[in-house]
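Visitor: I would like a close look at one part of this model, namely the buried interior and the contacts that surround it. Please take it step by step and keep the values in view.

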Amino acid sequence: MKRILIILLICFFCLPFTPWWMVCIIIGMGGWFANTYKEAIKIGIASALLTWGIKIGIGFFSGGSILIQRVADMMGLGSSVGLIIATLVLAVFLGGLSAISGYQLRKVFLHT
C-alpha cells in the first residue's frame, strides 16, 4: 500500500509536465522494488488504475464530460462510460506489463 501511494504521488506531480507514458516508467520503477512477481503485478495494476481513474474522474467532473462524450462518439463506443472503461482497461494492462518489466529487469541486473 505504501509503494502504491508513493507511485501515485510521483505520478500526480510528474504527469502535468511529462508525456503520459512516463506513468509506465514510474510504475516500472515500482515493479523494480517488488519482492515477488505477484506483488509487482498488484502494484502495477493498482497504481495504474488509481492514477488514471482519479485523473479521468477529475477531468470528467471539472467540465470535460462533453469532450469525453464526443471522443466516445467518434470511436463508436456510444457513451462516455464505455470510453472510460476502455481507457481504464488499457491502463491496467499497461501498468501490469510495466511493473512486470521492472521486476524482470531487477532480476536480470542483480542475478537473483
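Guide: What follows starts with the whole chain, moves to the interior, and then works outward to the surface and a few spacings.

The model is a predicted one. The protein chain has 4 helices and 0 strands, so read from the N terminus the order of elements is α-α-α-α. Its C-alpha trace spans about 50 × 25 × 25 Å along the principal axes. Of the 112 residues, 29% count as buried. Among contacts with a separation of 6 or more, 69% are between residues 24 or more positions apart.

The interior comes next. The largest nonpolar core has 15 residues, and the members that touch the most others are I7, C11, V23, I27, A34, A40 and I43. Each of α1 (2-14), α2, α3 (37-75) and α4 (80-110) supplies at least two residues of this core. Helix α1 gives the largest share, with 4 residues.

C11 is a useful place to stop. Its relative accessibility is 0%, so C11 counts as buried. Leaving aside residues up to four places away in sequence, C11 touches V23, I26 and T51. Two of these partners, V23 and I26, are among the buried residues of α2.

Helix α2 covers residues 22-32. The buried residues in this helix are V23, I26, I27, G28, G30 and G31. Three of the buried positions, G28, G30 and G31, are glycines. The buried residues of α2 pack against α1, α3 and α4. V23 and I27 also appear in the list of core members that touch the most others.

With a cysteine in the core, the sulfur pairing should be checked. A disulfide is a covalent bond between the sulfur atoms of two cysteines. A search of the whole structure finds 0 disulfides. For C11, the nearest cysteine sulfur is that of C14, at 7.3 Å, and C11 is in no disulfide. For C24, the closest cysteine sulfur is in C11, and because the distance is 9.1 Å, the two are too far apart for a bond. The cut-off behind this reasoning is 2.5 Å between the sulfur atoms.

Helix α2 also has a residue on the outside. M29 is found in this helix, and its relative accessibility is 45%, so M29 counts as partly exposed. Together with W20, W21 and I25, M29 forms a nonpolar patch on the surface, with about 440 Å² of accessible area in total. For the protein chain as a whole, the accessible surface comes to about 7100 Å², and 77% of that belongs to carbon and sulfur atoms.

Charged contacts are the next item. Side chains of opposite charge can pair when their charged atoms come close. A search of the whole structure finds 1 salt bridge. In this salt bridge the side chains of R3 and E39 meet, at 2.6 Å from N to O. The pair links distant parts of the chain, with R3 in helix α1 and E39 in helix α3, 36 residues apart. R3 has a relative accessible area of 30%, so R3 is partly exposed. E39 has a relative accessibility of 25% and therefore also counts as partly exposed. E39 is next in sequence to A40, which is listed among the core members that touch the most others.

A few C-alpha spacings complete the view. A40 and Q104 are 64 residues apart in sequence, yet 9.6 Å apart in space, C-alpha to C-alpha. Q104 is found in helix α4, and with a relative accessibility of 33%, Q104 counts as partly exposed. D73 lies in helix α3 and is partly exposed at 47% relative accessibility. From D73 to L83 there are 10 residues in sequence and 9.1 Å in space, again C-alpha to C-alpha. K107 and A86 give another spacing: these residues are 21 apart along the chain, and their C-alpha atoms are separated by 32 Å. K107 has its place in helix α4, and its relative accessible area of 32% makes K107 partly exposed.

To return to the part requested: the core draws at least two residues from each of the helices α1, α2, α3 and α4, and C11, at 0% relative accessibility, is buried.

Methods. Residues numbered from 1 in each chain as written. Predicted model: local features only at pLDDT ≥ 70, side-chain atom pairs only at ≥ 80, totals over all residues. Heavy atoms only, no water. Buried < 20%, exposed > 50% of the residue type's maximum accessible area, 1.4 Å probe, protein only. Contact = heavy atoms within 4.5 Å. Areas by Shrake-Rupley, 256 points an atom, 1.4 Å probe, with all protein chains shown as cover. Patch = residues over 30% accessible without salt bridge, like charges linked within 9 Å, V, L, I, M, F, W, Y side chains within 5 Å. Salt bridge = Lys/Arg side-chain N within 4 Å of Asp/Glu carboxyl O. Core = buried A, V, L, I, M, F, W, Y, C linked by side-chain atoms within 4.5 Å.
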